Amino acid sequence: MNNFCLLLIAGWLSACAGERQQIYLAGTFPILGSDGWQGGQACLPAAELALEDVNRSPHLLKDYKLDLTSKDDMCDSGLGAYALYQLIYAAPQKVMILSGCS
C-alpha cells in the first residue's frame, strides 16, 4: 500500500512540475470618464503586451507566469482609491500594484 501511495504522489508531483507558478499583479488604468487620459487607453494594452512577452520568453521568469488584473479608475482619485481597495483585498493576493492617473 505504501508503494502505491508513493507512486501516486510521485505521479502528481511530476504532473505539477511542468506548471508555472502564477505571480499576480494589479493595476488601475484611466480608460473612460470625462477626466480620462488618452494615454491610459494606450497603457493597458502596452502592459498586457509586456506581460505576454515576459510570459512567452524562455529566458525571463521561466518558472513563473505573470497575471494582470486591471480596473478602470476613469482618472478620478475617489474611484481610483476604491478600485485599488478592491484589487488589494480581492483574492488572489497581488505582489505588485500599478496605478496610472489617480
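Helices (H or I, at least four residues) and strands (E, at least two) are DSSP runs, numbered from the N terminus. This is a predicted model, in which local features need pLDDT of at least 70 and side-chain atom pairs count only at pLDDT 80 or more, while totals for chains, interfaces and linings use all residues. Residues are numbered from 1 along each chain as its sequence is written, and side-chain values use heavy atoms, with hydrogens and water left out.

**Exercise 1. List the elements of the chain and state their order from the N terminus on.**

Solution.
- Step 1: the chain contains three helices and three strands.
- Step 2: read from the N terminus on, the elements follow the pattern α-β-α-β-α-β.

**Exercise 2. Determine the strand order of the sheet and the sense of its pairing.**

Solution.
- Step 1: two strands pair if DSSP finds at least two bridges between them.
- Step 2: S1 (residues 21-29) and S2 are joined in the parallel sense over nine bridges; here Phe 29 is found opposite Asp 72 in S2.
- Step 3: four bridges, again in the parallel sense, link S1 and S3.
- Step 4: the result is an open sheet of three strands in the order S2-S1-S3, with parallel pairing. Its edge strands, S2 (64-72) and S3 (96-99), each pair on one side only.
- Step 5: on average, neighbouring strands of this sheet are turned by 20 degrees against each other, direction ignored. Axes are lines fitted to C-alpha atoms, for helices over the stretch in contact, and angles run from 0 to 180 degrees between N-to-C directions.

**Exercise 3. Place helices H2 and H3 relative to the strands.**

Solution.
- Step 1: helix H2 (residues 38-56) lies across S1 and S2, and runs at about 170 degrees to S2.
- Step 2: helix H3 (residues 77-89) lies across S1, S2 and S3, and runs at about 170 degrees to S1.

**Exercise 4. Describe the surroundings of Thr 28. Is Thr 28 buried or exposed?**

Solution.
- Step 1: Thr 28 belongs to strand S1 and stands opposite Ser 99 in S3.
- Step 2: buried means under 20% relative accessible area, exposed over 50%, and partly exposed in between (1.4 Å probe, protein chains only). Thr 28 has 1% relative accessibility and therefore counts as buried.
- Step 3: contact means heavy atoms within 4.5 Å. Leaving aside neighbours within four places in sequence, Thr 28 is in contact with residues including Lys 71, Asp 73, Gly 80, Ala 83, Leu 84 and Leu 87.
- Step 4: the side chains of Thr 28 and Ser 99 are also joined by a polar contact of 3.0 Å. Such a contact is a pair of N or O atoms within 3.5 Å; within protein, one must be able to donate a hydrogen and the other to accept it, and residues adjacent in sequence count only if both atoms are side-chain atoms.

**Exercise 5. How many salt bridges does a search of the whole structure find, and how exposed is Glu 52?**

Solution.
- Step 1: a salt bridge is a side-chain nitrogen of Lys or Arg within 4 Å of a carboxyl oxygen of Asp or Glu.
- Step 2: searching the whole structure gives one salt bridge. Glu 52 forms a salt bridge with Arg 56, and the closest N and O atoms are 3.4 Å apart.
- Step 3: Glu 52 and Arg 56 are four residues apart in helix H2, so about one helical turn separates them.
- Step 4: Glu 52 is partly exposed at a relative accessible area of 40%, whereas Arg 56, at 59% relative accessibility, counts as exposed.
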